[in-house]
Structure formats: C-alpha cells, structure tokens
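The exercises below ask you to read one protein model step by step. Please keep the sequence and the coordinates open while you work through each solution.

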Amino acid sequence: AVVSTQSTGEQRELASWIVPDTGKCTGTERARYAQIRLEQLAESKDQELSLYTQLIENLVYLLWRHIHHYTVHALPDSDSQPHKKQLLSSQDSIKQLTRELSLHLTDPFLKKIVDFCSSKNTSTVTSSFTSALVRRLRKLIAV
C-alpha cells in the first residue's frame, strides 16, 4: 500500500537494494522489490529498537545497583574508627550523591524510560523488571 504512493524514482531507489539494475524490471516487479526493501527496513528498525530496549534495561539495572550499593551499603558503621578522616570524606561524597540524584534522575526522565521500555517491548516480564527498577530508584532518591 505504501509503495503504490511512491514515485517511480523512489521505487527504483528502494528496489536497487534488491536488484542492482532496476531498468530491466517492470513496474510491478519494481514495486514488489521496493515493498521487500521496505519490509527489510522495518524489520531492521524493530530489531534496533529491541536492542535499545535491552540496553536501557541493563543500564537502569547497573545504575540502580550502584546507587543502591553506595547509598545503603557503603556507609561506614559507627564502630569502624581506623580511617575516620577518609570515612568522613566518603560519607560526605555519598550524601552529596544522594542530594544530586533528584536533580539528574527526574520523574519525567524516569517515566520516559518506563514508557519507552513498555511500548517497545513485547515482553511484559522485561517491562515489569524495568518498572520495578525505576520504582526502586525513586525510593532511593526520596530517601
């Protein structure tokens, strides 16, 4: 349907990816080759979006894991006195990190991540996983 609305030049350009010499093709053959090329391009874009979704999911997981570690587990116990000056400086850095998180990981940004992964992904498991990670990030930011 889309191919029929294209000009002969556009059809030739698309068909040339399938058949190098489109001058020998009939109009019907050229339209069919153009349609095949459009389907290939659509498939390629679908695969690309799927890879972007997986990449975003992995990056959100790494981000959550690191922030969780530094905000929850990296704070020194009050029992540990050996390197007090180093611990205090590390505590200050962690406090600064938690203050700045809300500036960089805003609600609209996190919502876009969830929306993108939900709309581009056919797997509800992956979408739920990303949503759960974003919820956990929001909790860490709110603390």
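Throughout, a residue is called buried under 20% relative accessible area, exposed over 50%, and partly exposed in between, with a 1.4 Å probe and protein chains only. The model is predicted, so local features need a pLDDT of at least 70 and side-chain atom pairs count only at pLDDT 80 or more, whereas totals for chains, interfaces and linings use all residues. Residues are numbered from 1 along each chain as its sequence is written, and side-chain values use heavy atoms, with hydrogens and water left out.

**Exercise 1. Describe the overall build of the chain and the confidence of the model.**

Step 1. Begin with the secondary structure, in which helices (H or I, at least four residues) and strands (E, at least two) are DSSP runs numbered from the N terminus. The chain has five helices and zero strands, and the order of its elements from the N terminus is α-α-α-α-α.

Step 2. Turn to pLDDT, the predictor's confidence in each residue on a scale from 0 to 100. The chain average is 83, and 84% of the residues score at least 70. Among the elements, helix α2 (residues 27-73) has the highest mean pLDDT, 90, while helix α3 (residues 84-104) has the lowest, 73.

Step 3. Consider burial and surface: 25% of the 143 residues count as buried. The chain exposes about 10,100 Å², of which carbon and sulfur atoms supply 56%; these areas come from the Shrake-Rupley method with a 1.4 Å probe, and for residues only the protein chains shown count as cover.

Step 4. Finally, look at contacts, meaning heavy atoms within 4.5 Å. Of the contacts with a separation of 6 or more, 57% are between residues 24 or more positions apart.

**Exercise 2. Examine three salt bridges and say where their partners lie and how accessible they are.**

Step 1. Apply the criterion, a side-chain nitrogen of Lys or Arg within 4 Å of a carboxyl oxygen of Asp or Glu. The count by this rule is four salt bridges, and three of them can be worked through here.

Step 2. K24 and D21 form a salt bridge through their side chains, at 3.7 Å from N to O. K24 is exposed, because its relative accessible area is 71%, whereas D21, at 39%, is partly exposed.

Step 3. The side chains of R138 and D107 pair at 3.1 Å, N to O. Because R138 lies in helix α5 (residues 124-142) and D107 in helix α4 (residues 107-120), this salt bridge ties together parts that are 31 residues apart in sequence. Both partners are partly exposed, R138 with a relative accessible area of 30% and D107 with 48%.

Step 4. Between D115 and K111 the closest N and O atoms are 3.0 Å apart. The two residues are four residues apart in helix α4, so about one helical turn separates D115 from K111. D115 is partly exposed at 38% relative accessibility, and K111 is partly exposed at 47%.

**Exercise 3. Which elements give two or more residues to the largest nonpolar core?**

Step 1. Define the core as a set of buried Ala, Val, Leu, Ile, Met, Phe, Trp, Tyr and Cys residues joined through side-chain atoms within 4.5 Å. The largest such core has 13 residues, and those touching the most other members are V60, I67, L105, L110, V134 and L137.

Step 2. The elements that give two or more residues to this core are α2, α4 and α5, with α5 providing the largest share, five residues.

Step 3. Take V134 as a worked case: leaving aside neighbours within four places in sequence, V134 contacts V60, L110, I113 and V114.

**Exercise 4. Inspect the loop between α1 and α2 at T22 and C25, and then check for disulfides.**

Step 1. T22 sits in the loop between α1 (8-15) and α2, and T22 counts as buried because its relative accessible area is 9%. Beyond its neighbours within four places in sequence, T22 is in contact with R12, A15, S16 and R30.

Step 2. C25 also has its place in the loop between α1 and α2, and touches V19, R30 and Y33 when residues up to four places away in sequence are not counted. C25 and R12 are 13 residues apart in sequence, and their C-alpha atoms are 9.3 Å apart in space.

Step 3. For disulfides, look for a pair of cysteine sulfur atoms within 2.5 Å; the count by this rule is zero. C25 is buried at 14% relative accessibility, and C117 is buried with a relative accessible area of 1%.
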